[in-house]
Amino acid sequence: MKTRIAVLVSGGGTNLQALIDAEKRGELPDGEIVLVVSNNPDAYALTRARKAGIETAVCVKPGMEGKLIEALRAHDIEMIILAGFMAILSKNFVSLYPDRIINIHPSLIPSFCGEGFYGLHVHEAALKYGVKVTGATVHYVNEIPDGGRIICQKAVEIREDDTPETLQRRVMEQAEWILLPRAAQTVANRIRMEKEQ
Ligand code: GRF
């Protein structure tokens with residue numbers, strides 16, 4: 001049985017789209033995206049999910065985590081992918097899915113990560129510091145923001161004339177959209193093997 005995956009989103013959902021496309025191309029053979037959950041009812045990611053025929057749920061504050069747990073249980077979710085999910089999950093939530101939650105972060109961790117480093121802020125900080133190489137990281141999620149074990153990373157060169165926006169786009173194209181589906185398959189495969197043992 002394929003690993004049942006939920007993708008958690010808050011915004012545009014280009015990383016979700018990369019996962020959906022990879023699954024369609026047969027590049028996620030050990031996993032199946034069965035649910036997309038957003039903490040933002042207006043997230044375009046929800047439209048992407050509906051277009052792909054994937055069930056959706058919206059879980060907003062107050063009580064967001066409780067509603068989220070309910071939705072995940074109702075769909076027998078075994079693995080969670082955070083793809084631009086803008087809420088920090090509690091230690092209690094994370095402990096329910098040990099080594100089963102992964103996140104994509106748009107820098108080479110441990111640079112430009114942790115609290116406050118999200119969205120364009122990450123790329124602004126990289127440009128301000130003057131690093132010549134940045135990238136993306138997929139890692140397991142634990143109770144420390146961006147602090148879990150690293151699964152994979154990909155470097156992206158910074159150009160002299162980059163703005164936070166151009167850099168964000170290139171990191172997505174050259175790293176995030178490639179890395180996340182690959183990491184998803186690696187983890188889905190491991191979970192499937194553990195089940196079948
Ligand atoms: C991505 O840069 C991702 O790394 C970060 O949030 C952004 C989400 O973009 N965590 P999208 O919603 O997948 O287009």
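## The ligand site and local backbone features

The space taken by the ligand is the largest pocket of this predicted model. Two elements, helix H1 (14-24) and helix H6 (164-196), each give two or more residues to the shell around the ligand. That shell consists of Gly 12, Gly 13, Thr 14, Asn 15, Gly 84, Ile 104, Pro 106, Met 172 and Glu 176, and by class its residues divide into three nonpolar, five polar and one charged.

Backbone atoms of the protein lie at short listed distances from ligand heteroatoms, as the table sets out for Gly 12, Gly 13 and Ile 104.

| Residue (backbone N or O atom) | Ligand atom | Distance |
|---|---|---|
| Gly 12 | oxygen | 3.5 Å |
| Gly 13 | oxygen | 2.8 Å |
| Ile 104 | nitrogen | 3.2 Å |

Of the 370 Å² of accessible area that the ligand has on its own, the protein covers 89%.

The largest pocket itself has a volume of about 770 Å³, and its lining is made up of 37 residues, of which Gly 84, Phe 85, Met 86, Asn 103 and Tyr 118 lie nearest its centre. The elements that give two or more residues to this lining are H1, strand E5 (101-105) and H6, and H1 and H6 are also the elements that give two or more residues to the shell around the ligand. Gly 84 is likewise named in both settings, being one of the residues around the ligand and one of those that lie nearest the centre of the pocket. Sorted by class, the residues of the lining divide into 16 nonpolar, 17 polar and four charged.

Some features of the backbone deserve separate mention. Most residues other than glycine have a negative phi, and most peptide bonds are trans. Against that background, a cis peptide bond joins Lys 61 and Pro 62, with omega at about -5°, and Pro 62 belongs to the loop between strand E3 (55-58) and helix H3 (64-74). A cis peptide bond also joins Ile 109 and Pro 110, where omega is about 15°; Pro 110 is found in the loop between E5 and helix H5 (120-129), and E5 is one of the elements that give two or more residues to the lining of the largest pocket.

Which sign does phi take at Asp 76, a residue other than glycine? Phi of Asp 76 is near 50°, a positive value, and Asp 76 is placed in the loop between H3 and strand E4 (79-82).

Note on methods: Residues are numbered from 1 along each chain as its sequence is written. This is a predicted model: local features need pLDDT of at least 70, side-chain atom pairs count only at pLDDT 80 or more; totals for chains, interfaces and linings use all residues. Side-chain values use heavy atoms; hydrogens and water are left out. A residue is near a molecule or strand if one of its heavy atoms lies within 4 Å of it. A polar contact is a pair of N or O atoms within 3.5 Å; within protein, one must be able to donate a hydrogen and the other to accept it, and residues adjacent in sequence count only if both atoms are side-chain atoms. Accessible areas come from the Shrake-Rupley method with a 1.4 Å probe; for residues, only the protein chains shown count as cover. On a 1 Å grid over the protein atoms alone, a cavity is a set of points where a 1.4 Å probe fits but cannot get out, and a pocket is an open set with protein on both sides within 12 Å along at least five of seven lines; lining residues have an atom within 4 Å of a point. A molecule sits in a cavity or pocket if more than half of its atoms lie within 2 Å of its grid points. Helices (H or I, at least four residues) and strands (E, at least two) are DSSP runs, numbered from the N terminus. Ala, Val, Leu, Ile, Met, Phe, Trp, Tyr, Cys and Pro count as nonpolar, Asp, Glu, Lys and Arg as charged, and the others, Gly among them, as polar. Grid points are joined across faces, edges and corners, and a volume is the space filled by probe spheres set on the points.
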